[in-house]
Every structure is written in structure tokens, then in C-alpha cells.
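Here is a small set of exercises to work through with the sequence and model side by side. Try each task before you read its solution.

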Amino acid sequence: MTDPAPGLETISTSCACGWTTTGDVDSVVEATADHAIRIHNMPATREQIIERAVRVPAAPTEPGEGAA
Ligand SMILES: [Zn+2]
């Protein structure tokens, strides 16, 4: 397993049809699986979805680097 913290990070997926979704892992997995089966009649597993997902940086304002 190469899944460090399921549910705690923000990821984004995009479909070949142009559909995209962004959110926490569970939301994106659910939305992507729903899209895949309903729109394309292609079942997708959680592993497949996470594998193709792109991680989105959660907090852009992180103090400590060069500050103070
Ligand atoms: Zn699609």
C-alpha cells in the first residue's frame, strides 16, 4: 500500500471527457467511480482512482520557511 493518509489529503481527478473533480480522497473516489460507471459504463476501483489522481497541496500558506 502506498497510501499515506487516506481521507486527509486533497486530490483531483480528470476524465478523458473533460470532467474533473477535486476534494478529499473519499469524496473524489466516490464521485469519480460514480461518473465512470454512469457516464462511461466503466467500473473503477478505489485503487485505480487514487492511482490516477493528482495530489493538490492543501495549505498554501505555511509559515516557517524564511519567516521571522
Ligand atoms: Zn468522463
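**Exercise 1.** Which residues are exposed on the other side of α1, away from its buried ones?

Before we start, note that this is a predicted model, in which local features need pLDDT of at least 70, side-chain atom pairs count only at pLDDT 80 or more, and totals for chains, interfaces and linings use all residues. Residues are numbered from 1 along each chain as its sequence is written.

*Step 1.* Fix the terms: a residue is buried if 20 or more other C-beta atoms lie within 10 Å of its own, exposed if 12 or fewer, and partly exposed in between, with C-beta atoms placed from the backbone. Helices (H or I, at least four residues) and strands (E, at least two) are DSSP runs, numbered from the N terminus.

*Step 2.* Find the buried residues of α1: Val 25, Val 28, Val 29 and Thr 32. They cover an arc of only 100 degrees around the axis (taken from the directions from the helix axis to the C-beta atoms), so they sit on the same side of α1.

*Step 3.* Turn to the other side of α1, where Asp 26, Asp 34, Ile 37 and Arg 38 are exposed.

**Exercise 2.** Work out how the strands are arranged in the sheet.

*Step 1.* Place the elements along the sequence: the pattern reads β-β-α-α-β, with 2 helices and 3 strands.

*Step 2.* Pair the strands, where pairing takes at least two DSSP bridges between them. β1 (residues 10-14) and β2 (residues 20-24) run antiparallel and are joined by 5 bridges. β1 also pairs with β3 (residues 54-56), again antiparallel, over 3 bridges.

*Step 3.* Check the register at Ser 12, whose bridge partner in β2 is Thr 22, while Val 54 stands opposite Ser 12 in β3. Thr 10 likewise faces Val 56 in β3.

*Step 4.* Put the pieces together: the 3 strands form an open antiparallel sheet in the order β2-β1-β3. β2 and β3 each have a single partner strand, so one side of each lacks a neighbour in the sheet. From one strand to the next, the twist averages 30 degrees.

*Step 5.* Look at the hairpin of β1 and β2: 5 residues lie between the strands, and Gly 18 takes a positive phi near 105 degrees.

**Exercise 3.** Identify the largest nonpolar core and what surrounds it.

*Step 1.* Collect buried Ala, Val, Leu, Ile, Met, Phe, Trp, Tyr and Cys residues joined through C-beta atoms within 7 Å. The largest such core has 6 residues: Ile 11, Val 25, Val 28, Val 29, Ile 49 and Ala 53. Helix α1 (residues 25-39) contributes the most to this core, with 3 residues.

*Step 2.* Follow Ile 11 back to β1, where Ile 11 and Thr 13 form the covered face and Thr 10, Ser 12 and Ser 14 the uncovered one.

*Step 3.* See what covers the buried residues of α1: β1, β2 and α2 are included.

**Exercise 4.** Is Glu 47 buried or exposed, and why?

*Step 1.* Locate Glu 47 in helix α2 (residues 46-52).

*Step 2.* Count its neighbours: Glu 47 is exposed because 12 other C-beta atoms lie within 10 Å.

*Step 3.* Compare sequence and space: Glu 47 and Val 29 are 18 residues apart in sequence, with their C-alpha atoms 8.9 Å apart.

Methods:
Axes fitted to C-alpha atoms, helices over the stretch in contact; angles between N-to-C directions. Contact = placed C-beta atoms within 7 Å.
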